[in-house]
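Subject: Structure handover

Hi,

Here is the structure for you to take over. My notes follow below it.

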Amino acid sequence: MLQAIEGIYKDGKVELKELPSDISESLVIVTFLKSEKNHQKNQMMRFGMFSGNNQSTEADFEIAEFHGDSEDSLDWS
């Protein structure tokens, strides 16, 4: 029976994300996928993360407020 299990190769070792079921010893074939060194997990923006020395003001949020799109034929009220 063939099983495919995801894992990571690091420092000369293969670390499996889960143990194979019903196998205590077996030959294996390891396929190396394209490395994603700059892979980042999804992150949400949070208040102040791009602010630098200047904090946003209430006026900044009023300028950026969405007031609907007159061309989409939707009632945004």
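Gly7 has Leu16 as its bridge partner in β2. Tyr9 is bridged to Val14, also in β2. Both pairings belong to a ladder of four bridges, in which β1 (residues 7–10) and β2 (residues 13–16) run antiparallel. Two residues sit between the strands of this hairpin. Asp11 has a positive phi there, near 55°. Please keep in mind that this is a predicted model.

Now the overall layout. The protein has one helix and two strands. Read from the N terminus, the order is β-β-α. The helix, α1, covers residues 58–64. A loop lies between β2 and α1.

Next, the surface. How much of the protein counts as buried? The figure is 1% of the 77 residues. The exposed area comes to about 8,700 Å². Carbon and sulfur atoms account for 52% of that area.

Then the largest pocket. Its space amounts to about 1,200 Å³. The lining takes in 25 residues. Which of them lie nearest the centre? They are Ile5, Glu6, Gly7, Leu16 and Thr31. Two of these names came up above: Gly7 and Leu16 are the bridge partners. The hairpin strands contribute to the lining, with at least two residues from each of β1 and β2. β1 gives the most, with three residues. By residue class, the lining splits into 16 nonpolar, five polar and four charged.

One residue to look at separately is Phe32. Where does Phe32 sit? Its place is in the loop between β2 and α1. Is Phe32 buried or exposed? The cut-off for exposed is over 50% relative accessibility. Phe32 reaches 58%, so Phe32 counts as exposed. Along the chain, Phe32 and Ile8 are 24 residues apart. In space, their C-alpha atoms are separated by 9.2 Å. Ile8 falls within the residue range of β1, so you can find the pair by starting from the hairpin.

To recap for your first pass through the model:

- Hairpin: β1 and β2, antiparallel, four bridges.
- Turn: Asp11, with positive phi.
- Pocket: about 1,200 Å³ for the largest.
- Loop: Phe32, exposed at 58% relative accessibility.

Over to you.

Best regards

Methods
Residues are numbered from 1 along each chain as its sequence is written. This is a predicted model: local features need pLDDT of at least 70, side-chain atom pairs count only at pLDDT 80 or more; totals for chains, interfaces and linings use all residues. Side-chain values use heavy atoms; hydrogens and water are left out. Two strands pair if DSSP finds at least two bridges between them. Buried means under 20% relative accessible area, exposed over 50%, partly exposed in between (1.4 Å probe, protein chains only). Accessible areas come from the Shrake-Rupley method with a 1.4 Å probe; for residues, only the protein chains shown count as cover. On a 1 Å grid over the protein atoms alone, a cavity is a set of points where a 1.4 Å probe fits but cannot get out, and a pocket is an open set with protein on both sides within 12 Å along at least five of seven lines; lining residues have an atom within 4 Å of a point. Grid points are joined across faces, edges and corners, and a volume is the space filled by probe spheres set on the points. Ala, Val, Leu, Ile, Met, Phe, Trp, Tyr, Cys and Pro count as nonpolar, Asp, Glu, Lys and Arg as charged, and the others, Gly among them, as polar.
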